[in-house]
Amino acid sequence: MTNDEIINIASETGRLLLIGGAESFRTEDTVERIGNALGLPLTCYVTLTAVMVSEKDGSKAKVIKAKPGAFNLRTVDEINTLSRALTDKKISDVEFIAQLNQIKHHIIDYPSFLKIISAGLVSMAPMLVAKATFLEYVLMFVTGLLGYLAYYLTAKRSTTPYAPEFIGGFAIGIFAILGTLINSHVTPSTIVLGAVMPLVPGLAITNALREMVRGDVISGIVRTVNSMIVLTSLAIGVWIAIELMNMI
């Protein structure tokens, strides 16, 4: 296997980890371990949108762009397991490449209906530590489910950044107000508090903090800013919807 081939394989592994939601330090460490296992010491540097891999002496390098998508921790786990097997000599170079290509072309994801139902269930979680009536739980489930459905459908059809979060928040605001029409004792804020949970980028914020703590300041700041824009888009969507509904 040539040095160029090793760099290409390591770069593609890093790209798959990054778009799956892996932290920068995890991606860098995995790429460098793969290089050592394949017989070529590598240096890797990762940002939110790119993976840069070079030989230790800097004679050859490659930069590969990575467009962040939805988190897919199953892909991250599969690649981590595969890289450990290669490092421990449990699989050969050929087996590693074959399995990596299989992961690349057959990324496993959960069915859409399961994601949507799960979003409804997650929406009820915040009220488990507070007092909520059965009706409030039902309204949070329905509102969270429909809000996530609006987000999911928008993400499928739109390439505009942060539009899915805005539309999801807008739908949550509308259905939260409609829910209060069923029972005047239910407040929109209670429903919104639960319904927004599936759309809150909690994992992204956690990764950003972990990266800054470990010294990856640039990646940490970029992830933090991105998460704040997502939260802002979501909040603006909810606010506009509630204001419009109150005006009607």
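Tyr162 sits in the loop between α6 (134-157) and α7 (163-182). In this predicted model, Tyr162 has a positive phi of about 70°, although it is not a glycine. Is Tyr162 buried, exposed or partly exposed? With a relative accessible area of 27%, Tyr162 counts as partly exposed, because that label covers values from 20% to 50%.

Another loop residue makes a good companion to Tyr162. Lys89 is found in the loop between α3 (73-87) and α4 (93-105). Phi of Lys89 is near 65°, again a positive value in a residue other than glycine. Lys89 counts as exposed, because its relative accessibility is 61% and the exposed label starts over 50%.

**The helix after Tyr162**

Let's stay with α7 for a moment, since it has a packing partner further along the chain. Which helix packs with α7 at an angle of about 35°? That partner is α10 (residues 217-247), and the two axes lie 7 Å apart. An angle and a distance between the axes are how two packed helices are described. The crossing of α7 and α10 is right-handed.

Who meets whom here? On the α7 side, the residues in contact include Phe166, Gly169, Phe170, Ile174 and Leu178. On the α10 side, they include Val230, Leu234, Gly237, Ile240 and Met245. If you sort the residues of this contact by character, you get 14 nonpolar, 6 polar and 1 charged. Glu165 is one of the α7 residues taking part.

**The sheet**

Now for the strands. They make an open sheet of 3 strands, in the order β1-β2-β3, with antiparallel pairing. Which strands are at the edges? They are β1 (42-46) and β3 (61-65), and each of them pairs on one side only. From one strand to the next, the twist averages 15°.

Take the β1 and β2 pair to begin with. These two run antiparallel and are joined by 5 bridges. They form a hairpin, with 3 residues between the strands. On the other side, β2 (residues 50-55) and β3 also pair in the antiparallel sense, over 5 bridges. That pair is a hairpin too, this time with 5 residues between the strands. Gly58, in the turn of the β2 and β3 hairpin, has a positive phi of about 75°.

You can follow the pairing residue by residue in the structure above. Here are some of the partners:

| Residue | Partner |
|---|---|
| Cys44 | Val53 in β2 |
| Val53 | Lys62 in β3 |
| Val51 | Ile64 in β3 |
| Ala50 | Lys65 in β3 |

Try tracing Val53 through the table: Val53 stands opposite Cys44, and Val53 also stands opposite Lys62 in β3. As a general point, side chains in a regular strand alternate between the two faces of the sheet.

How many residues of β2 are buried? The count is 5 of 6, so β2 is mostly covered. Two helices lie against the sheet. Helix α1 (residues 3-20) packs on the sheet and touches β1, β2 and β3, and its direction makes about 155° with that of β2. Helix α2 (residues 24-37) lies across β1 and β2, running at about 160° to β1.

**The whole chain**

Time to zoom out. The protein chain has 10 helices and 3 strands. Reading along the sequence gives the pattern α-α-β-β-β-α-α-α-α-α-α-α-α. Along its principal axes, the C-alpha trace spans about 70 × 35 × 30 Å.

What share of the 248 residues counts as buried? The figure is 44%. The chain exposes about 13100 Å², and carbon and sulfur atoms supply 64% of that area. Finally, look at the contacts between residues at least 6 apart in sequence: 64% of them join residues at least 24 apart.

How values were computed
Residues are numbered from 1 along each chain as its sequence is written. This is a predicted model: local features need pLDDT of at least 70, side-chain atom pairs count only at pLDDT 80 or more; totals for chains, interfaces and linings use all residues. Side-chain values use heavy atoms; hydrogens and water are left out. Two strands pair if DSSP finds at least two bridges between them. Helices (H or I, at least four residues) and strands (E, at least two) are DSSP runs, numbered from the N terminus. Axes are lines fitted to C-alpha atoms, for helices over the stretch in contact, and angles run from 0 to 180 degrees between N-to-C directions. Contact means heavy atoms within 4.5 Å. Buried means under 20% relative accessible area, exposed over 50%, partly exposed in between (1.4 Å probe, protein chains only). A crossing is left-handed if the near helix is turned anticlockwise from the far one by less than a right angle, and right-handed if clockwise. Ala, Val, Leu, Ile, Met, Phe, Trp, Tyr, Cys and Pro count as nonpolar, Asp, Glu, Lys and Arg as charged, and the others, Gly among them, as polar. Accessible areas come from the Shrake-Rupley method with a 1.4 Å probe; for residues, only the protein chains shown count as cover.
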